[in-house]
Amino acid sequence: MNARQSPLLEIVDLAKTFPVYNAFGSRAGEVTAVDHVSFSIRRGGVYGLAGESGSGKSTIARLIMGLLTPTGGDILLAGSNITGTLGTRAHSRQVQMVFQNPGSSLNPRRTIGQSIAVPLEAHNHPRADRRRRISELLDMVQLPASFAERYPHELSGGQKQRVAIARALAVAPQLVVLDEPTSALDVSVQAKVIDLLTSLGRQLDLTYLFISHDLSLMRNFADEVGVLYRGRIVESGPTAKVFEHPEHDYTRLLIASVPVISAEEEALRPEIPLIDGEIPTAEKLLALRESQRTTEVPKRT
Amino acid sequence: MSEALLSVRDLSVEFTTYGRTQPVLRGVNLDVPARSHVALVGESGSGKTVTMKSIMGLLHMPPASISSGTIVYDGRDLLTMSRRERLKLTGTDMSMVFQDPMSSLNPVFTIADQMSTILKYADKRLGRSRSGRERMQRVLEVLAQVRMREPERVARSYPIMLSGGMRQRVLIAMALLSEPRLLIADEPGTALDVTTQAQILKLLKDLVEERGLALLMITHNLGVVRETSDYVYVMHKGVVVEEAPTADLFAAPKVDYTRSLIDAVPRLTGARPTLSVEAAP
């Protein structure tokens, strides 16, 4: 079913810089948050963007959503350049997002039904059909239709995240951006939400961009990954390959840092050289490698 | 069981709000022997934080009340001793590493100010005193112990000038100020990136080993449990449902809940976790 290899989303040379102002309000320089990033997601695929805080993963999500304007590069959806239509209604019909914290992404004063109705109203879904569509969406995320009358505070974290997923699916988008969709949830709840996302993806032929710092989760959910470090993709490829044979030192450090629960997983973690008896920071490790490469000093044990 | 440094027996805690009483802990038993590394693991709402707060005397009473049980530290029951006596122990001989390095530090005081204030009050409770200079010396000493490269510079800094990892190190240093024998760590490193978290966990492990401390680690992360502890208690709905040496628990969990919890954790190998947790809907 996923044999079609044509990419749904293509990111070409995407760049975003933010101006930095000094205390007097004049421009003091700029920070590069996204530094010429390129990747593509095939139709029906799950692409994982892994990275730590400050790596630029959320900025990329915001650029794709049209919440920020890129400084350079192109975003192509199903072959057509959407860089000019970012943030328009035509764009939001195709691309939707599930946010990290379901506690704050649902309006506490709206019932669940009212929250899900917002995108339906914005996209002129026939008024007479809205109620039916809302129960259909709730059913898709395995919640009873009666939840439409409830308020967010009456729901558990996992239930709220299901509502957020239903809201994202209301306009039948092609691409769903998942920004750390389960990081606020307990593991048992997380497993169920991920399972739901997987089955919805198959059922509705959705394409996911999955943003997370949880590498074990990424290993299970994404079929391709890109590892971001300071705004650049330092390594990308099929998930199994990147996790089993990480090539870039930063990827190796990331994987080596994950606390794991079995000996099989431990065997997967690459050896990282200790610097002064400590696990090195990414900068230190990369600097060490750089100096080894340039001076060709034999590897210290 | 041999004499434990900390021993919680049959601890029950309930919360009363709007006239309704809700049991939160039901008969919790827990032992932390000297020099051991014990983990207390559970999902949100399992009661692990309430257990920690009961031990450290941080529960707000009311709404909370301890309906039964004893918390024996070093042979004495913390729950029956006077407040004065208890304060000589909590924050000094038994101390705490807090979770969130962003909100646990005061933004308007330097690290040195905050740490020497803590030390001053700890000394006062113990009936000791030392000069400002001696206190500063001790502050620099513990900052070096948590592997800060430039303790003087860190001491002069305000929290905002430090990275998340460095702030977490400062919180660990604070806990070490008065040479505790028991360290209670509440989800250390969860607010941090994985690479920083790995550094913090290694540091904690090295420190407790070097200094022969007992460590009680409270966490929801089973990976962290496996990496830092040799004995583990699993909590669910206010009850300790299983306890075992860490290796045994992961090799052969005896209770269904523990098994389903372990099964729900995504694996680095990509093996699909199974989904049969009866916990939350």
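This tour moves through a predicted model, from the whole of chain A to its sheet, a pair of helices and the side that touches chain B.

**Chain A as a whole**

Begin by selecting chain A and showing it as a cartoon, in which 12 helices and 10 strands can be traced. Along its principal axes the C-alpha trace spans about 75 × 50 × 45 Å. For 301 residues a compact globule would have a radius of gyration near 19 Å, and the 21 Å of chain A therefore agrees with that expectation.

**The four-stranded sheet**

Next, select β1, β2, β4 and β5 of chain A, which form an open, antiparallel sheet in the order β2-β1-β4-β5. At its edges stand β2 (27–42) and β5 (80–81) of chain A, each with a single partner strand, so that one side of each has no neighbour in the sheet. Keeping the sheet in view, add helix α1 (residues 57–65) of chain A, which packs on the sheet and touches β1, β2 and β4 of chain A, while its direction makes about 75° with that of β2(A).

Now narrow the selection to strand β1 (residues 7–21) and strand β4 (residues 72–77) of chain A, which run antiparallel and are joined by five bridges. Showing A:Glu10 as sticks will lead you across to A:Leu76 in β4(A), which stands opposite A:Glu10.

**A pair of crossing helices**

Move on to helix α4 (residues 112–122) and helix α5 (residues 130–140) of chain A, whose axes come within 10 Å and cross at roughly 110°. Since angles of 65 to 115 degrees count as roughly perpendicular, α4(A) and α5(A) are therefore described as roughly perpendicular to each other. To inspect the contact, display A:Gly113, A:Ile116, A:Ala117 and A:Leu120 from α4(A), together with A:Arg130, A:Arg133, A:Ile134 and A:Leu137 from α5(A). Colouring the residues of this contact by class separates them into five nonpolar, one polar and two charged. Viewed as a pair, the helices have a right-handed crossing where α4(A) passes α5(A).

**The side that touches chain B**

Finally, bring chain B into view and select the contacts between the chains, where 35 residues of chain A meet 35 residues of chain B. On the chain A side, the elements that give two or more residues are α6 (157–169), α7 (187–204), α8 (215–221), α9 (239–244), α10 (249–257) and α11 (263–268). Of these, α7(A) provides the largest share, with six residues. Coloured by class, the side of chain A that touches chain B shows 16 nonpolar, 11 polar and eight charged residues.

Definitions and conventions
Residues are numbered from 1 along each chain as its sequence is written. Chains are lettered from A and ligands numbered from 1 in the order in which they are written. This is a predicted model: local features need pLDDT of at least 70, side-chain atom pairs count only at pLDDT 80 or more; totals for chains, interfaces and linings use all residues. Axes are lines fitted to C-alpha atoms, for helices over the stretch in contact, and angles run from 0 to 180 degrees between N-to-C directions. Angles under 35 degrees count as roughly parallel, over 145 as roughly antiparallel, 65 to 115 as roughly perpendicular and the rest as oblique. A crossing is left-handed if the near helix is turned anticlockwise from the far one by less than a right angle, and right-handed if clockwise. Two residues are in contact if their C-beta atoms, placed from the backbone, lie within 7 Å. Ala, Val, Leu, Ile, Met, Phe, Trp, Tyr, Cys and Pro count as nonpolar, Asp, Glu, Lys and Arg as charged, and the others, Gly among them, as polar. Two strands pair if DSSP finds at least two bridges between them. The radius of gyration is taken over C-alpha atoms; the globule rule is 2.2 Å times the number of residues to the power 0.38.
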